[in-house]
There are 4 protein chains.
Amino acid sequence: MDFTPDPKTEHLREQLLEFMDSHVYPAEPVFHEQAAAAENRWDRPPIMAELTREARRRGLWNLFLPDPRYGPGLSHAQYAPLAEITGRSPLIAPEALNCAAPDTGNMELLAIAATEQQRQDWLQPLLDGRIRSAFCMTEPEVASSDATNISTRIVPDGDGFTITGRKWWSTGALAPQCELLIVMGVTDPDAPAHRRQSIVLVPRDTPGVEVLRGLDVFGFDDGAHGGHAEIVFDGARIPAENLLGERGGGFALAQARLGPGRIHHCMRLIGMAERALELMCDRANRRVAFGKPLADQGVVRHWIAESRVRIEQLRLLTLKAAWMMDTVGAKAARTEISAIKIAAPGTAEWIIDKAVQVHGGAGVSQDLPLAMLWAQARYLRLADGPDEVHRDAVARRELAAR
Amino acid sequence: MDFTPDPKTEHLREQLLEFMDSHVYPAEPVFHEQAAAAENRWDRPPIMAELTREARRRGLWNLFLPDPRYGPGLSHAQYAPLAEITGRSPLIAPEALNCAAPDTGNMELLAIAATEQQRQDWLQPLLDGRIRSAFCMTEPEVASSDATNISTRIVPDGDGFTITGRKWWSTGALAPQCELLIVMGVTDPDAPAHRRQSIVLVPRDTPGVEVLRGLDVFGFDDGAHGGHAEIVFDGARIPAENLLGERGGGFALAQARLGPGRIHHCMRLIGMAERALELMCDRANRRVAFGKPLADQGVVRHWIAESRVRIEQLRLLTLKAAWMMDTVGAKAARTEISAIKIAAPGTAEWIIDKAVQVHGGAGVSQDLPLAMLWAQARYLRLADGPDEVHRDAVARRELAAR
Amino acid sequence: MDFTPDPKTEHLREQLLEFMDSHVYPAEPVFHEQAAAAENRWDRPPIMAELTREARRRGLWNLFLPDPRYGPGLSHAQYAPLAEITGRSPLIAPEALNCAAPDTGNMELLAIAATEQQRQDWLQPLLDGRIRSAFCMTEPEVASSDATNISTRIVPDGDGFTITGRKWWSTGALAPQCELLIVMGVTDPDAPAHRRQSIVLVPRDTPGVEVLRGLDVFGFDDGAHGGHAEIVFDGARIPAENLLGERGGGFALAQARLGPGRIHHCMRLIGMAERALELMCDRANRRVAFGKPLADQGVVRHWIAESRVRIEQLRLLTLKAAWMMDTVGAKAARTEISAIKIAAPGTAEWIIDKAVQVHGGAGVSQDLPLAMLWAQARYLRLADGPDEVHRDAVARRELAAR
Amino acid sequence: MDFTPDPKTEHLREQLLEFMDSHVYPAEPVFHEQAAAAENRWDRPPIMAELTREARRRGLWNLFLPDPRYGPGLSHAQYAPLAEITGRSPLIAPEALNCAAPDTGNMELLAIAATEQQRQDWLQPLLDGRIRSAFCMTEPEVASSDATNISTRIVPDGDGFTITGRKWWSTGALAPQCELLIVMGVTDPDAPAHRRQSIVLVPRDTPGVEVLRGLDVFGFDDGAHGGHAEIVFDGARIPAENLLGERGGGFALAQARLGPGRIHHCMRLIGMAERALELMCDRANRRVAFGKPLADQGVVRHWIAESRVRIEQLRLLTLKAAWMMDTVGAKAARTEISAIKIAAPGTAEWIIDKAVQVHGGAGVSQDLPLAMLWAQARYLRLADGPDEVHRDAVARRELAAR
């Protein structure tokens with residue numbers, strides 16, 4: 001057992017911290033001004049183009065991809081402390097580094113399962129940050145945390161497939177740059193439950209695809225990130241070569257995609273929590289009420305200490321889950337992955353809530369990132385499987401082990 | 001001790017419940033469509049005019065005012081169960097009945113302290129729902145939960161006053177109908193700490209008053225209610241007769257205004273919690289996941305039971321605080337008022353959070369009222385004094401009693 | 001709705017408070033010394049005889065029994081504030097007033113269902129405080145929160161019954177004064193599930209009854225109250241006239257017994273919480289750490305305020321449940337009864353825990369009543385049905401109402 | 001960062017697990033029977049002698065001492081997983097391995113600061129398990145979490161010292177084997193606050209030392225471990241050579257003693273939590289209520305999952321704190337040490353509470369170790385500095401870092 005950080009990570013960490021200070025934090029007010037002023041609320045603020053250019057120039061690009069063909073080839077454990085830092089400015093830093101969900105998961109999926117042609121057509125543009133993509137899995141009509149409920153049909157039809165169904169929470173799909181929808185649906189309704197689904201690549205401009213509207217998250221439309229779309233597939237037709245991986249392999253692919261995705265979310269949540277704690281301490285040191293700084297109020301100190309205690313524990317478990325992904329694989333790490341998926345959003349939510357409280361009215365407003373951070377953390381108690389599903393999985397394994 | 005409901009209240013309750021079913025709930029989707037389609041995001045959706053007309057016709061009007069000159073003359077305890085019901089649709093029902101904050105508190109203030117001329121100019125139009133008003137107390141630069149920190153200056157100047165300062169969280173001030181700002185500031189900086197402040201009536205169109213912008217509450221701008229404004233007073237001049245009550249009496253008036261206001265908020269929060277619980281149960285009964293309805297999942301049942309247990313306790317304490325306001329007055333009831341101010345937002349927030357979780361993605365979105373309800377409840381952990389200030393007051397009295 | 005206390009209750013309250021000050025609190029150290037010095041750890045400390053004599057002389061006797069034949073005939077709502085006061089010294093005051101569980105529930109049962117002979121033989125001595133009794137329901141081998149699981153057999157046998165089975169948590173059964181065991185068991189195994197059980201009266205000295213041992217509650221044996229016994233019935237034989245009520249009516253009788261019993265426990269828990277809060281405040285006012293009294297530490301103040309807020313809510317719900325028992329009956333009040341059964345032990349436990357923490361080492365020790373109060377509160381999260389069973393019942397009704 | 005366990009630790013772990021299975025768990029019922037039957041309740045059950053002999057024979061002895069002169073020379077990180085295992089049977093395993101508090105801390109202190117003669121007289125007998133010792137620091141009259149409050153006087157007197165004062169919570173001091181009291185008191189009242197105290201070695205049979213009584217922890221007297229004593233020093237005289245370390249160095253020595261002690265407690269608490277979780281799962285798998293095993297109840301599964309999630313996080317932080325003690329020292333690790341001191345007792349308490357609840361009445365009784373485990377965990381929220389003091393220290397450093 002050795003808690004010494006890895007030198008390669010340390011080096012990148014320093015570079016990334018410098019980039020945060022010199023470029024990302026200063027870009028925050030600009031980003032929000034540009035987003036507010038945008039004619040199309042789903043547009044990406046222009047400052048993002050500058051940031052991506054600069055990040056790529058510095059080699060801070062595609063850090064998330066373990067595959068050395070497509071990036072620096074960091075292990076999950078090496079990437080973790082970097083992803084955490086990007087979480088400190090979650091609307092800007094991840095995308096500036098081409099490390100933002102859902103593109104990261106989509107690139108991983110393509111890196112694993114795509115044909116050469118698919119790589120050329122979709123993976124390379126994504127790796128270059130030239131296009132964006134969405135993952136269409138969740139459906140409004142069914143409890144999608146159980147993927148066997150998915151009801152969208154992908155019907156073999158001549159030398160292609162016809163897609164019919166309704167998806168929502170397809171994050172990023174409203175962005176003008178989003179050209180690719182990766183869609184999971186049922187191709188083989190009579191196969192065993194986990195062999196019924198396939199995943200297909202659907203250009204967003206395919207006839208029969210209608211992006212209906214954006215969904216809000218506690219009042220935030222996440223417009224500058226392409227929002228969260230509801231999409232109708234009404235007989236949309238794609239050629240056979242747009243099948244990703246094998247037919248009937250959709251469930252397994254979706255699971256494979258989720259493992260690293262959950263870890264990335266958790267890493268970023270730790271950064272979000274650290275940012276909130278930092279803001280809480282700054283405010284507590286500066287603000288005076290009833291004759292003394294908030295920093296001298298016992299309850300505020302209690303919150304600060306608890307925040308530190310919880311973050312330290314959560315970070316170590318996240319690092320361990322990442323290390324297990326690297327060393328024994330996602331399947332053997334599934335208790336740890338579920339554990340951080342349960343712990344991280346709730347911990348971040350608790351800490352951000354306290355930071356809001358210390359800031360009073362400013363905390364809930366657009367003047368600080370806290371309300372947005374909170375909404376993201378809260379949303380992640382539901383996304384990629386609600387807490388309850390993960391708790392049930394952990395309990396089942398614990399009970400079976402006795 | 002007798003828990004039998006009052007007959008007058010029961011009668012109004014039935015009428016109000018009927019109005020909710022026949023008019024308010026059906027108006028909810030219309031309200032949101034109209035708000036989304038409005039050119040001016042601070043405009044009141046046109047449906048509100050129909051609703052206020054109908055409510056007034058039915059005698060469901062100004063129920064909040066104990067003063068029988070201006071309404072049905074209900075006691076706080078009689079009004080409480082009615083306010084609770086309006087909380088079930090908090091964006092629509094309170095305003096439909098002319099019982100929405102901050103106008104209610106402002107009307108109470110005018111009913112207590114206004115001159116005849118002020119009543120004629122401002123109270124009557126408010127009672128008629130012809131205009132709206134805002135209360136300008138909180139300031140961005142100071143911890144306003146301690147009202148002695150207020151820094152806005154109201155300087156005597158010839159036969160009037162000149163106002164200089166910056167306010168924010170002036171709810172409703174962006175609405176086109178808002179014609180009156182009730183402003184608290186320092187007139188007598190050398191007086192004892194609680195005699196320095198006065199309250200003045202400022203027409204919103206007074207030169208030197210600039211309504212800068214709206215503040216968001218977790219992504220919601222509350223536009224259809226006139227938002228939450230930041231306002232600069234840059235030498236705004238008003239005549240001497242716009243002083244409300246006596247000079248130096250501002251602190252006492254503001255305190256008087258807060259007592260009933262806090263109770264109204266708590267009553268409505270109970271209605272919000274009931275609405276969330278109702279939605280939670282409906283969803284649990286209908287939604288199937290992993291082979292059984294959510295209603296059969298132990299954790300969901302736990303949430304439902306806890307919600308019921310917490311609501312019942314909270315309602316009784318709120319009723320008792322209202323009854324004490326009526327029988328022994330706000331000062332003797334201050335522990336009870338602080339207690340519900342502490343308990344109600346947190347309880348409602350907890351219940352709404354669980355209802356969100358049971359709904360999955362839909363819960364955080366604009367398709368259900370839950371995210372908005374949550375934001376309102378969370379905001380009320382800060383508004384009218386944060387939890388911590390009220391807890392401190394309760395503790396101080398408890399410790400002194402030993 | 002009227003929160004004015006009842007005059008009859010107020011009068012008794014004053015008398016009881018005087019008795020607490022003059023007799024009960026001074027008796028606490030004596031009680032513990034006598035208990036520690038007793039040769040038989042299940043003996044009642046001699047001071048109890050003085051206290052019962054004095055209480056009876058003052059008319060503070062059998063207050064719990066609504067039946068006016070046997071006491072002052074208080075309603076549940078009238079008794080509630082008195083029971084709360086006895087909870088402030090739960091080892092002494094309830095028994096001093098002949099208002100201690102399990103005798104209270106047993107007397108209620110006999111008052112409802114006993115024959116004249118049974119009244120003469122058992123109820124009268126209990127009403128006089130001459131003997132004590134135990135209720136034998138819970139069994140070690142089955143989940144007894146579901147009473148249909150009870151496995152003890154009460155087999156008709158000539159002109160009597162033979163009892164075979166094992167009971168535990170028969171509170172009070174080890175006391176030398178305990179002469180009566182009220183035993184629930186299966187007489188009719190082939191009847192419908194809720195008609196299988198009967199209740200019989202078993203003199204403790206019946207051959208075949210063996211009181212095996214006492215069970216501890218977190219290290220406390222509750223010896224001075226006759227402990228919590230494990231009892232084996234090995235073919236114990238009783239005459240037919242020892243059947244209580246009708247054959248097959250045991251389940252219904254046991255339910256009838258539990259309603260008021262749960263309310264009494266909750267009332268006393270409020271008194272326990274008040275006692276703990278009082279000790280917490282006293283300590284906070286007196287104890288200095290790191291240069292200031294604990295009363296000036298924000299976290300301690302937070303605990304004190306939260307305690308007050310929770311107690312006020314809980315008390316009102318308990319009073320309402322009692323009032324409903326009186327006005328609409330136990331069945332219509334079952335949600336309220338379950339609600340207080342869920343809320344009261346947890347609330348008291350939380351408050352007592354904080355009082356312990358404020359006292360440091362003294363708080364966990366025998367020098368203060370806090371550790372004992374905590375153990376009682378914790379135990380009541382299990383006794384008379386664990387929290388989870390009551391939550392499930394509340395949820396079921398809530399879901400069915402939609 | 002590498003989470004691979006150390007091979008030396010792994011080897012000892014296997015040996016220790018085997019010893020637990022073959023000797024410790026089977027000894028548990030015997031231990032309790034012997035303790036219950038003991039004439040002197042402070043006596044050590046005879047089975048302990050067998051266990052210590054066997055443990056020593058197997059080389060499972062003095063594992064806690066990093067100093068290779070006195071044991072296997074394990075680092076804190078190497079010892080941590082072993083201490084955790086001993087926590088699974090905390091009344092037996094630590095003492096069987098001569099790794100029980102307070103002797104461990106006392107041996108560390110002597111290993112650091114004792115003269116050769118002191119080592120020969122006291123350290124060696126302790127290392128051999130021939131005698132036991134107590135640490136006398138906490139006082140009833142002052143808030144001892146702030147060690148500068150200590151009021152016991154150690155007055156220079158000819159060629160020795162005279163001790164006057166009152167100590168309590170001197171764990172182990174009532175055991176017949178306890179021959180040494182290590183006492184902290186004020187030798188130099190006029191020195192700077194942290195240079196006033198000295199530590200001296202006091203044979204328990206010194207005239208003027210009176211061990212008054214044992215203190216209970218939630219009803220448990222911990223008699224088989226020598227209890228928790230209150231001790232009066234009434235002019236007890238010791239020779240000058242009984243000073244430990246330098247005069248005025250008591251505060252620094254006490255701090256040095258606490259670092260590893262806190263880590264050991266936290267390690268054992270993790271083992272206690274694991275034991276409780278194991279019992280909870282076993283019971284949930286076996287016990288049927290309302291027609292299905294408790295393991296199928298959602299709330300129980302929630303508890304089990306949460307327990308696993310919390311334990312995993314806590315263990316990693318404890319290991320990191322131990323690793324930091326080894327690599328950068330106690331001072332640099334103080335935030336981490338405070339963090340686990342805050343997190344471990346509360347986490348263990350939460351888990352044990354749930355295990356109790358799943359067991360019903362059995363859970364609170366002497367038939368299972370759960371009630372005792374709970375009392376130990378709860379006690380550790382106070383011992384070695386209450387949570388609040390550690391939270392304050394963490395917050396202070398966090399605020400100062402901004």
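## Symmetry between chain A and chain C

In this predicted model, chain A can be laid on chain C by a turn of 180° combined with a shift of 0.0 Å along the axis, and the superposition leaves an RMSD of 0.0 Å. The two copies are thus related as by a two-fold rotation axis. Among the residues of chain A, Gly298(A) comes closest to that rotation axis, with its C-alpha at 2.0 Å.

The symmetry can also be followed in the surfaces that are used, since 100% of the interface residues of chain A are interface residues in chain C as well, so the copies meet through the same surface.

## The contact between chain A and chain D

Where chain A touches chain D, the contact takes 39 residues from chain A and 39 residues from chain D. On the side of chain A, at least two residues each are supplied by helix 7 (250-286), helix 8 (298-327), helix 9 (334-359) and helix 12 (387-400). The largest share, 15 residues, comes from helix 8 of chain A. By residue type, this side of chain A divides into 21 nonpolar, four polar and 14 charged residues.

## The fold of chain A

The secondary structure of chain A comes to twelve helices and ten strands, and the C-alpha trace spans about 75 × 60 × 40 Å along its principal axes. For 402 residues, a compact globule would have a radius of gyration near 21 Å, and the value for chain A, 21 Å, agrees with this.

Buried residues make up 61% of the 402 residues in chain A. Among the contacts in chain A with a separation of 6 or more, 72% are accounted for by residues 24 or more positions apart.

## Domains and how two of them meet

Chain A is divided into domain 1 (7-127), domain 2 (132-247) and domain 3 (251-400). The centres of domain 1 and domain 2 of chain A, taken over C-alpha atoms, are separated by 24 Å, and the contact between these two domains takes 20 residues from domain 1 and 22 residues from domain 2.

On the side of domain 1 of chain A that touches domain 2, the elements that give two or more residues are helix 1 (7-37), helix 5 and helix 6 of chain A. Helix 5 of chain A provides the largest share of this side, five residues. The residues of this side of domain 1 divide into twelve nonpolar, four polar and four charged.

## Helix 5 of chain A

Helix 5 of chain A, which gives the largest share of the domain 1 side just described, is also largely enclosed by the rest of the structure, because eight of its eleven residues are buried. The buried residues in helix 5 of chain A are Asp103(A), Thr104(A), Gly105(A), Asn106(A), Met107(A), Glu108(A), Leu109(A) and Leu110(A).

These buried residues of helix 5 of chain A pack against helix 6 (116-127) and helix 7, and also against strand 1 (132-136), strand 4 (178-186) and strand 8 (243-244) of chain A.

## Less common backbone geometry

Most residues other than glycine have a negative phi, and most peptide bonds are trans. Against that background, several places in the model deserve a closer look. Asn98(A) is not a glycine, yet has a positive phi of about 55°; the residue is placed in the loop between helix 4 (93-96) and helix 5 (103-113) of chain A. With 24 C-beta neighbours inside 10 Å, where 20 or more are required, Asn98(A) counts as buried. In chain D, Asn62(D) likewise has a positive phi, near 55°, in a residue other than glycine, and lies in the loop between helix 2 (47-57) and helix 3 (76-87) of that chain. Asn62(D) is buried too, with 23 other C-beta atoms within 10 Å.

Two peptide bonds in the model call for similar attention. In chain B, the bond from Ala101(B) to Pro102(B) is cis, with omega near 0°, and Pro102(B) has its place in the loop between helix 4 (93-96) and helix 5 (103-113) of chain B. In chain D, a cis peptide bond joins Ala101(D) and Pro102(D), with omega about 0°, and Pro102(D) is found in the loop between helix 4 (93-96) and helix 5 (103-113) of chain D.

Terms used: Residues numbered from 1 in each chain as written. Chains lettered and ligands numbered in written order. Predicted model: local features only at pLDDT ≥ 70, side-chain atom pairs only at ≥ 80, totals over all residues. Contact = placed C-beta atoms within 7 Å. Helix = DSSP H or I, 4+ residues; strand = E, 2+ residues; numbered from the N terminus. Nonpolar A, V, L, I, M, F, W, Y, C, P; charged D, E, K, R; others polar. Least-squares fit on C-alpha atoms with pLDDT ≥ 70 in both. Buried ≥ 20, exposed ≤ 12 C-beta atoms within 10 Å, placed from the backbone. Rg over C-alpha atoms; globule rule 2.2 N^0.38 Å. Domains from an automatic or database assignment.
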